Amino acid sequence: MSANLLVLGGTTEATALCRTLSDNAICGVVSYAGRVEKPVQQPLPQRVGGFGGVAGLVAYVRAHGVTHVVDATHPFAAQMSRNAVSACAEAGVPLIALTRAPWQAQSGDRWTHVPDIAGAVSALKRPAARVMLAIGRMHLNDFAAHPQHFYLLRLVDAPDSVLPFPDHAVVQARGPFTVADDLALMRHHKIDLLVSKNAGGAGAAAKIAAARRLGLPVIMIDRPALPDRLEAHTPQEILAWLGHSKPDLAGTDLGV
Ligand code: NAP
């Protein structure tokens with residue numbers, strides 16, 4: 001039986017994987033949550049919208065004859081990743097996650113680690129500052145608790161409701177970003193504090209490097225915990241898992 005993949009997407013890594021799958025003539029569908037108006041077009045067919053929890057995902061997998069699921073969602077898309085683990089176990093379909101290592105603080109970094117969004121909100125209980133709030137748009141309202149700050153927001157789509165900040169600026173842009181661009185952006189807005197999720201990977205790393213260069217403090221939101229699952233870090237490892245290429249296990253941690 002030939003493979004029929006479901007790729008849970010929404011990341012730069014998922015885009016790279018879709019290209020590799022297409023180049024290798026592997027069938028599959030990429031799934032988006034529908035958070036952005038125009039998702040990146042992929043060389044695979046795509047579907048948009050939630051499945052309806054674990055039961056909905058099990059039903060989708062069965063109805064579409066999915067043979068393998070690749071969870072290439074963002075490390076902070078914890079609900080989707082938990083659902084994928086439960087649904088694949090229930091449907092008896094193999095699951096692998098395409099993940100990226102978290103960023104590690106380097107010399108010159110001034111990070112304060114917080115465990116979650118609520119921790120980042122608490123860390124902003126301080127005198128007024130010019131804050132780059134690089135967390136996407138889902139949890140912006142939580143930061144309304146600290147209206148004393150100027151907030152710089154970078155969003156894929158223009159906000160669809162009034163933002164709860166008296167003093168803010170919105171930059172509409174889609175990554176990946178360069179360090180030069182992020183240095184210029186931070187300088188232009190006279191940013192003195194960055195709030196970031198520890199996304200890892202290259203697509204969003206420029207702001208971390210820019211903050212280091214400018215000596216800015218960073219409130220770094222640590223990743224949510226996820227259940228054990230098989231993990232890979234490159235599209236080539238996914239191919240090996242599918243049996244489409246010789247596994248090169250040196251330096252990888254294909255395992256839970
Ligand atoms: P989440 O909290 O884990 O997911 C909430 C619900 O959204 C899921 O239970 C599922 O609904 C639906 N969903 C999420 N990803 C989906 C997908 N790829 N295909 C179909 N349904 C999906 O996720 P989130 O943090 O809101 O992120 C949503 C999407 O944006 C993810 O695909 C992620 O890769 C991407 N993204 C997230 C972030 C971030 O910081 N969180 C950053 C960049 C990109 P049902 O329960 O109804 O199936």
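Here is a walk through this predicted model, starting at the ligand and moving out to the helices, a strand and a few backbone details.

Let us begin with the ligand. It is surrounded by 22 residues, and the closest of them are S31, F51, G52, M80 and K197. By character, the shell around the ligand divides into 7 nonpolar, 12 polar and 3 charged residues. Some short polar distances are worth finding on your screen. The side chain of R35 places an N or O atom 2.9 Å from an oxygen atom of the ligand. From the backbone, an N or O atom of H74 lies 2.9 Å from a ligand oxygen, and a polar backbone atom of A77 is 3.1 Å from an oxygen atom of the ligand. Taken alone, the ligand would expose 800 Å², and the protein buries 78% of that area. Two elements, β2 (27-32) and α3 (78-91), give two or more residues to the shell around the ligand. Of the elements, α3 gives the most, with 4 residues.

That makes α3 a good next stop. Its 14 residues should span 20 Å at 1.5 Å a residue, and because its end C-alpha atoms are 20 Å apart, the helix agrees with that expectation. Which residues of α3 are buried? They are A78, S81, N83, A84, V85, A87, C88 and A91. In a helix of this kind there are 3.6 residues a turn, so residues three or four places apart point the same way. The buried residues of α3 pack against β1, α2 (53-63), β4 and β5. Just past the helix comes G92, with a positive phi near 70°.

Now turn to α1, which covers residues 12-23. This helix has 12 residues and reaches 17 Å from its first C-alpha to its last, close to the expected 16 Å. Buried in α1 are E13, A14, T15, L17, C18, T20 and L21. Their cover includes β1 (4-8), β2, β4 (68-71), β5 (95-98) and α7 (235-242).

Strand β4 deserves a closer look through one of its residues, H68. Is H68 buried or exposed? With a relative accessible area of 17%, H68 falls under the 20% cut-off, so H68 counts as buried. The side chain of H68 also makes a polar contact of 2.8 Å with the side chain of T67. Setting aside neighbours within four places in sequence, H68 is in contact with A3, N4, L5, L6, V93, P94, W241 and L242.

Finally, here are some backbone details in the loops. Just after α1, in the loop between α1 and β2, you will find A25. Its phi is positive, about 55°, although A25 is not a glycine. Because its relative accessibility is 68%, A25 counts as exposed. K190 sits in the loop between α5 and β10 (193-197). This residue other than glycine likewise has a positive phi, near 50°. At a relative accessible area of 58%, K190 is exposed. The last stop is the loop between β9 (168-172) and α5 (179-188), where P176 has its place. A cis peptide bond joins G175 and P176, with omega about 0°.

Notes:
Residues numbered from 1 in each chain as written. Predicted model: local features only at pLDDT ≥ 70, side-chain atom pairs only at ≥ 80, totals over all residues. Heavy atoms only, no water. Near = heavy atom within 4 Å. Polar contact = N/O pair within 3.5 Å; in protein donor to acceptor, adjacent residues only side chain to side chain. Areas by Shrake-Rupley, 256 points an atom, 1.4 Å probe, with all protein chains shown as cover. Nonpolar A, V, L, I, M, F, W, Y, C, P; charged D, E, K, R; others polar. Expected span 1.5 Å × (residues − 1). Buried < 20%, exposed > 50% of the residue type's maximum accessible area, 1.4 Å probe, protein only. Contact = heavy atoms within 4.5 Å.
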